[in-house]
Amino acid sequence: FLTSDLPPYPTDAYGMTKTLQEQIARFYSQIRGLEVAVLRPAYILREDSLVNKYGQNIQTVTWQCIDPRDIGQAVIAAINAPDLKFETFYMIAGPGAERCADIDSAKSRLGWNPKHRFEGIEIEEI
């Protein structure tokens with residue numbers, strides 16, 4: 001179960017760059033009071049076309065899917081969030097996402113509610 005307080009555990013160079021970006025953001029939040037919302041989107045996939053961010057058609061979905069339009073709504077919500085310090089939010093909306101990751105904090109803290117839930121699409125077991 002993914003929660004925002006779990007320490008990052010990068011397994012490759014890409015993951016390491018993301019982790020370092022978050023550490024830099026946390027540093028400036030602590031030192032300079034910068035308001036930071038770390039949004040951690042999962043597998044980016046359009047619900048209506050099942051095309052991923054690389055332009056590939058996908059036939060099945062997992063709990064890790066997120067539609068880019070829902071990410072956009074989360075960005076707007078984070079910009080408007082009151083009293084933000086340094087906070088991390090998972091952006092996941094595939095079938096059963098709530099059983100695998102904490103998205104309730106994004107819902108309650110940001111007022112974010114994903115509209116694209118990938119319902120009625122074949123689910124790939126991972």
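**Salt bridges and charged residues in a predicted model**

User: In this predicted model, which residue forms a salt bridge with arginine 69 with the closest N and O atoms 3.5 Å apart?

Analyst: The closest N and O atoms of this pair are 3.5 Å apart, and a salt bridge requires a separation within 4 Å. Arginine 69 lies in helix 2 (residues 68-79) and its partner in the loop between strand 2 and strand 3, so the pair ties together parts that are 21 residues apart in sequence. The partner of arginine 69 is aspartate 48.

User: Is aspartate 48 buried or exposed?

Analyst: The relative accessible area of aspartate 48 is 53%. Exposed means over 50%, so aspartate 48 is exposed.

User: Which side chain meets that of arginine 69 in a salt bridge at 2.8 Å, N to O?

Analyst: Arginine 69 itself counts as partly exposed, at 31% relative accessibility. The residue it meets at 2.8 Å counts as buried, because its relative accessibility is 0%. That residue is aspartate 67.

User: Which residues are linked with Asp48 and Asp67 in a network of salt bridges?

Analyst: A search of the whole structure finds seven salt bridges. Asp48 and Asp67 belong to a network of such bridges, and two arginines complete the set of four linked residues. These are Arg46 and Arg69.

User: How many residues apart in sequence are the parts tied together by glutamate 87 and arginine 109?

Analyst: Glutamate 87 forms a salt bridge with arginine 109, with the closest N and O atoms 3.0 Å apart. Glutamate 87 lies in strand 4 (residues 86-91) and arginine 109 in helix 4, so the parts that the pair ties together are separated in sequence by 22 residues.

User: Which of these terms, buried or partly exposed, applies to arginine 109?

Analyst: Its partner glutamate 87 is buried, with a relative accessible area of 18%. Arginine 109 has a relative accessibility of 27%. Since buried means under 20% and exposed over 50%, arginine 109 counts as partly exposed.

User: How far away from aspartate 102 is the nearest side chain of opposite charge?

Analyst: Aspartate 102 is found in the loop between helix 3 (97-100) and helix 4 (104-110). Aspartate 102 is buried yet has no salt bridge. The nearest side chain of opposite charge belongs to lysine 107, and its distance from aspartate 102 is 8.9 Å.

User: Which backbone nitrogen does the side chain of aspartate 102 reach?

Analyst: Not counting residues up to four places away in sequence, aspartate 102 touches Phe1, Leu2, Thr3 and Tyr90. Its side chain also reaches a backbone nitrogen at 3.0 Å. That nitrogen belongs to aspartate 104.

User: Is arginine 117 buried or exposed?

Analyst: Arginine 117 is placed in the segment after helix 4. Leaving out residues up to four places away in sequence, arginine 117 touches Glu47, Ala93, Gly94, Pro95, Ala97, Glu98, Ile103 and Lys107. Its relative accessible area is 18%; buried means under 20%, so arginine 117 is buried.

User: What is the C-alpha to C-alpha distance between lysine 53 and aspartate 67?

Analyst: Lysine 53 lies in the loop between strand 2 (43-44) and strand 3 (65-66). Apart from neighbours within four places in sequence, lysine 53 is in contact with Tyr14 and Ile44. Lysine 53 and aspartate 67 are 14 residues apart in sequence, and their C-alpha to C-alpha distance is 9.7 Å.

Definitions and conventions: Residues numbered from 1 in each chain as written. Predicted model: local features only at pLDDT ≥ 70, side-chain atom pairs only at ≥ 80, totals over all residues. Heavy atoms only, no water. Helix = DSSP H or I, 4+ residues; strand = E, 2+ residues; numbered from the N terminus. Buried < 20%, exposed > 50% of the residue type's maximum accessible area, 1.4 Å probe, protein only. Lys, Arg positive; Asp, Glu negative; His and termini not counted. Polar contact = N/O pair within 3.5 Å; in protein donor to acceptor, adjacent residues only side chain to side chain. Contact = heavy atoms within 4.5 Å.
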